[in-house]
Amino acid sequence: MVRKSFCDDALSQLSANPKKAAVFVLHAVANARNNAICAGGDPAKLYVHEAFVTKGRYRKYMAIMGRGNTGVKETRYSHLNVTVRQLDEKQGAEAAKKVLRRRPLHVAPLMQRLQDGRRGRAVRRVRCEASGVMVPKDKAIKRFIVRNIVDASAIRDIQDSSVFDGYVLPKIYRKVYYCVSAAIHSKVVRVRSRKDRRNREPPKRFRPREDNKPKDKQ
């Protein structure tokens, strides 16, 4: 994200990025920029030439297991390398365009989850209607079901035996939750392509046409 861009623009982008790794990259770019300034570089002409990650050291711990067994637990570390260079004006404007990758300033992206994925753990879990597993409420697929309290075959018999004329049977209003795999399996939702997934509009509701309605007899 910050490679081939000015240091000031890179620091602005990283400060607005909500990801956890952006803090480490921000400190690395700031330290490389300060080292270049101390070496006599111009702050307005410094850009990030390279930014790559290499393998770091391993730390081994003893993992306590059941029945008196032990194992080895490894904690892996990595090194972030940032190279800052100064733009040379002698190369010309065309060469500078090839070196730099000018992009507009990015702001924090849109969060589709309530707690931004791994950043928060306080999401209440609900029970899936089909599989019974516990799924986070903001990730679950929600459907609001409205149906009659009795079957359609018994409605006529109840209305005929009712004392009150024009009695309307109550309905059941229920909100159900599905996990993603169960919703796809039961065809509550369907798999879409990457291009269609960006469309956040609700699906269209098909209503009966007015031409099919029975006309009042005069």
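The exchange below asks how several descriptions of this predicted model follow from its values.

Me: What makes C128 count as buried?
Reply: C128 has a relative accessibility of 3%, and because buried means under 20%, C128 belongs in that class.

Me: Why is C128 not in a disulfide with C179?
Reply: The closest cysteine sulfur to that of C128 is in C179, at 3.7 Å, whereas a disulfide requires sulfur atoms within 2.5 Å, so the distance is too far for a bond. Seen from C179, the closest cysteine sulfur is in C128, again at 3.7 Å, and the structure as a whole holds zero disulfides. C179 is itself buried, since its relative accessible area of 8% falls under the 20% limit.

Me: How do you know that the charged end of R57 sits over the ring of Y77?
Reply: The charged end of R57 is 5.2 Å from the centre of the Y77 ring, and because the distance limit for such a contact is 6 Å, the value satisfies that part of the criterion. A charge over a ring must also lie within 35 degrees of the ring normal, and R57 is listed as sitting over the ring of Y77.

Me: How many aromatic pairs does a search of the whole structure find, and what would make two rings a pair?
Reply: The search finds zero aromatic pairs; because rings pair if their centres lie within 6.5 Å, the conclusion is that no two rings meet that limit.

Me: What makes K4 and K187 worth noting for their phi values?
Reply: Most residues other than glycine have a negative phi. K4, which is not a glycine, has a positive phi of about 65 degrees, and K187, also a residue other than glycine, has a positive phi near 65 degrees. K4 is found in the segment before α1 (7–16), while K187 lies in the loop between α5 and α6.

Me: Why is K187 called exposed, and why is K4 called partly exposed?
Reply: The relative accessible area of K187 is 60%, and exposed means over 50%, so K187 qualifies. K4 has 25% relative accessibility, a value between the limits of 20% and 50%, and therefore K4 counts as partly exposed.

Me: Why does V123 count as buried or exposed, and where is its place in the chain?
Reply: V123 has a relative accessible area of 18%, which is under 20%, so V123 is buried. Its place is in the loop between α3 (93–99) and β3 (125–127), and its C-alpha atom is separated by 6.1 Å from that of P136, 13 residues apart along the chain.

Me: What makes up the lining of the largest pocket by class?
Reply: The lining has nine nonpolar, two polar and 14 charged residues, with Asp, Glu, Lys and Arg counting as charged. The pocket holds about 1,300 Å³ of space, and among its 25 lining residues I141, V189, R192, N199 and R200 lie nearest its centre. The largest share of the lining, three residues, comes from β5.

Me: What makes up the lining of the second largest pocket by class?
Reply: This lining has 11 nonpolar, two polar and two charged residues. About 380 Å³ of space lies in the second largest pocket, and of its 15 lining residues A21, F24, V25, V53 and L80 lie nearest its centre. The largest share of this lining, four residues, comes from α2, and α2 (21–38), β1 (46–64) and β2 (70–86) each supply at least two residues.

Definitions and conventions
Residues are numbered from 1 along each chain as its sequence is written. This is a predicted model: local features need pLDDT of at least 70, side-chain atom pairs count only at pLDDT 80 or more; totals for chains, interfaces and linings use all residues. Side-chain values use heavy atoms; hydrogens and water are left out. Rings of Phe, Tyr and Trp (its six-membered ring) pair if their centres lie within 6.5 Å; planes under 30 degrees apart count as stacked, over 60 as edge-to-face and the rest as tilted. On a 1 Å grid over the protein atoms alone, a cavity is a set of points where a 1.4 Å probe fits but cannot get out, and a pocket is an open set with protein on both sides within 12 Å along at least five of seven lines; lining residues have an atom within 4 Å of a point. Grid points are joined across faces, edges and corners, and a volume is the space filled by probe spheres set on the points. Buried means under 20% relative accessible area, exposed over 50%, partly exposed in between (1.4 Å probe, protein chains only).
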